[in-house]
Amino acid sequence: TPAEVVVRFGDPLSINCSTSAANVEEIDFIVSFGKKQVEQPLSVSWAVEEVKEWDVNAECFVTLGQNQKEWKFLLHLKTPDSVSVSADVTQEGAEMVLSCDVTNVAPLQALRVKWYRGNDMVHTQMLNDTSRTPASAVSTFRTAVMREDNGVEFRCAAELHLGPNGPELVPTVTSSAYTAVVLSCPVILTPAEVVVRFGDPLSINCSTSAANVKEIDFIVSFGKKQVEQPLSVSWAVEEVKEWDVNAECFVTLEQNQCFKMPNVIVYKTPDSVSVSAGVTQEGAEMVLSCDVTNVAPLQALRVKWYRGNDMVHTQMLNDTSRTPASAVSTFRTAVMREDNGVEFRCAAELHLGPNGPELVPTVTSSAYTAVVLCGFLSFHPSLQFYPCPVILTPAEVVVRFGDPLSINCSTSAANVKEIDFIVSFGKKQVEQPLSVSWAVEEVKEWDVNAECFVTLEQNQCFKMPNVIVYKTPDSVSVSAGVTQEGAEMVLSCDVTNVAPLQALRVKWYRGNDMVHTQMLNDTSRTPASAVSTFRTAVMREDNGVEFRCAAELHLGPNGPELVPTVTSSAYTAVVLCGFLSFHPSLQLPCHVDGNPPPTVQWYHGGTAISASVPLTRTGSGEYTAEVVNSLGKSITSVNITVECGFIVTVQMRIYDFWFYWHSHGSKYTCKLVSIHRATQTLVISVPVGANVELSCDAEGHPQPHLNWTCDGAHEKETTNHLYIVQIEHNMRCQCTASNYLHSATKEFIIVVVKPRPAVPPAAITTPEAVPQSGTAHLFSCPLLFTFLTLKMTVIEY
């Protein structure tokens with residue numbers, strides 16, 4: 001006690017050994033370490049302070065009157081010293097191989113390695129090594145990666161599953177997260193996937209969006225290449241004569257090189273499609289074969305079976321061979337005499353996906369006419385076949401398990417000695433000399449064997465009614481794993497406890513649309529469970545789509561009028577996806593889509609910013625969006641140029657200007673000629689003959705272009721300065737600044753003033769000496785400056 005022990009290396013151990021026998025001569029442990037102690041005449045204990053051995057061999061024996069019995073104990077456990085994940089940098093579209101290194105663990109037989117992508121478990125591996133001593137192990141996980149997988153974290157956990165006597169909490173050591181590095185390859189293939197018939201032409205263009213490209217080219221073994229422009233190369237084949245087309249387009253950048261391969265699917269319709277079958281006895285199973293010769297690729301082949309004009313079965317082949325090969329599809333069906341002469345056909349279809357031909361390539365076989373033998377074997381030495389005059393009403397019965405059943409057997413023969421049923425249950429009743437009936441209150445058997453025989457004067461024959469006992473399934477349910485966008489989702493429809501499986505048809509629905517039908521060929525008549533699988537590639541738009549499956553029992557023309565059907569509850573697809581691209585504008589919206597829903601944080605100059613704050617004219621530069629969900633992190637940068645109107649600054653500089661005396665009663669003030677400012681216009685009076693410099697500065701993005709006009713005439717000057725030498729008359733000049741966003745005009749009005757005769761400076765000692773009053777007169781004042789600058793700034797958006 002206990003009989004099984006799980007102990008960690010270095011921990012203590014204690015086991016008691018006792019017996020219930022009466023005639024005990026001896027009881028003891030055989031061990032090489034630890035301490036033993038006899039606790040009572042029929043009990044002995046063994047204890048170890050620290051378990052320091054990996055292969056513990058302990059035997060407890062008891063010697064009875066005439067024999068000896070042994071018990072052995074197996075003891076070992078050690079958690080790993082370390083668990084770590086490693087992988088190489090992987091190109092997008094390629095397979096990433098991740099390794100989980102588990103070092104120094106025991107026992108390996110109990111080791112289970114679980115792989116996690118983010119927080120989702122994606123793979124489990126168990127190791128079968130029977131070593132008891134500590135050893136190291138490596139678990140490998142392979143997964144195709146896309147650019148969205150860059151930055152995704154992978155972990156592995158090493159668990160020791162030690163059975164019911166192990167620790168209550170499973171000993172687990174988890175690795176640190178490994179962040180996947182997926183290189184994005186800026187190669188653009190047009191088209192990226194091609195479906196081409198063998199012998200037809202093929203053309204693919206390869207270009208790149210990168211700027212620092214040293215070389216771009218195709219690596220191919222046939223066809224012609226042509227460089228169309230520095231960043232584009234095309235590859236053309238007049239007649240595709242290879243089945244496995246390996247073409248690579250590579251681009252060499254400044255620091256690395258990468259490539260992409262177009263997916264080229266070469267197909268060929270079959271040389272022939274034919275149906276064959278053997279002659280079949282009524283009531284037996286006819287096995288029909290559809291021979292499809294020399295077709296490619298087999299993975300795209302779907303064989304449909306027709307009974308008359310009704311499609312009764314579909315089979316898909318999973319062979320991944322790309323070269324032409326032959327295939328055989330088999331269809332099994334129970335036949336009665338009424339099936340004699342029925343025509344069966346099969347059609348071989350190539351389902352080549354969305355890039356395949358608009359009309360599915362199809363080759364249909366000729367009709368095969370079924371031959372069904374019916375009758376009985378004569379007991380006459382000639383062993384010839386004669387018609388058996390037994391009439392069963394009905395000849396075929398479809399009955400639900402537990403329901404009543406009744407069949408009548410009669411004959412059209414005249415010389416009848418006996419007619420009877422051979423059955424193991426139910427009641428028989430002779431209704432008239434040439435008729436007998438058999439009835440069952442509740443059908444409780446699945447394989448009903450009933451024979452009605454008739455004995456004539458020279459021979460005996462019999463017929464067996466075809467009794468089909470059915471049962472609808474106890475439950476129908478759909479399940480699937482969480483799937484990455486672009487990958488294949490595998491959905492399972494579990495149908496439990498249904499009979500007969502041969503009549504089961506599972507229909508798959510995507511929303512309200514039926515997308516797949518599967519028939520099962522199991523010939524078992526007793527209830528059994530079945531699983532139907534439906535595979536479909538999913539995209540982010542499929543997240544949340546509902547899938548259902550319906551289990552139908554197609555029991556033939558004698559079955560229920562309404563096909564017995566049990567439909568599953570809806571399964572809501574969970575599709576994990578990365579992030580959609582976005583288009584930034586002045587308010588930095590970032591349209592992202594992912595599952596789980598991602599969050600977005602914008603950065604400018606390394607500083608986190610709010611995306612809701614509008615950008616200003618100084619906000620041009622590189623902006624980075626960090627998009628995060630539980631699957632990983634994606635970082636995308638964009639250069640934003642803030643385009644705006646402009647600030648216009650106008651200036652006027654006057655050389656050799658005049659002042660005037662302005663009287664205020666008996667006082668006079670020396671002032672500059674008048675200047676008037678307005679929002680759009682600068683007005684100034686200048687003396688005749690002055691030299692005037694007009695200045696107009698405009699700041700904006702894109703940089704505005706300047707244009708000058710004076711008195712309606714365009715000036716040749718296109719810089720920000722216009723010089724007017726010795727002005728003689730009034731002038732109206734305009735400075736127009738424009739870019740494609742905006743245009744603005746600022747106006748200069750220059751008024752030329754002719755001075756009256758000036759009072760000689762010598763005659764004016766003070767302003768009060770001027771004799772006039774109340775009016776303004778233009779006199780020569782003391783020259784204080786050689787030039788004057790007037791400035792006005794107007795902001796335009």
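A residue is called buried when its relative accessible area is under 20%, exposed when that area is over 50%, and partly exposed in between, as found with a 1.4 Å probe and protein chains only. By this criterion 41% of the 797 residues of the protein count as buried. The structure is a predicted model, in which local features need pLDDT of at least 70 and side-chain atom pairs count only at pLDDT 80 or more, whereas totals for chains, interfaces and linings use all residues. Residues are numbered from 1 along each chain as its sequence is written, and side-chain values use heavy atoms, with hydrogens and water left out.

The secondary structure comes to zero helices and 73 strands, where helices (H or I, at least four residues) and strands (E, at least two) are DSSP runs numbered from the N terminus. With contact defined as heavy atoms within 4.5 Å, 64% of the contacts between residues at least 6 apart in sequence join residues at least 24 apart.

Towards the N terminus of the numbering, three strands form an open antiparallel sheet in the order β1-β4-β3, pairing being assigned if DSSP finds at least two bridges between two strands. β1 (13-18) and β3 (35-40) are the edge strands, each with a single partner, so one side of each is left without a neighbour in the sheet. β1 and β4 (residues 43-48) run antiparallel and are joined by six bridges, with Ser18 opposite Ser43 in β4.

The largest nonpolar core, meaning a set of buried Ala, Val, Leu, Ile, Met, Phe, Trp, Tyr and Cys residues joined through side-chain atoms within 4.5 Å, has 29 residues, and those with the most contacts inside it are Leu288, Val292, Leu301, Val303 and Trp305. Among the elements that give two or more residues to this core are β28 (285-295), β29 (301-307) and β31 (325-334), and β28 gives the most, with five residues. Leaving aside residues up to four places away in sequence, Val303 touches several residues, including Cys290, Val292, Leu317, Cys346 and Ala347. A second, separate core of 28 residues includes Val398, Ile468, Tyr470 and Leu553.

Further along the chain, strand β67 (residues 705-710) runs antiparallel to strand β70 (residues 731-739), to which six bridges join it, and Cys710 stands opposite Cys733 in β70. β67 also pairs in the antiparallel sense with strand β68 (residues 713-714) over two bridges, where His714 in β68 is the bridge partner of Thr709. The hairpin of β67 and β68 has two residues between the strands, and in this hairpin Asp711 takes a positive phi near 55°.
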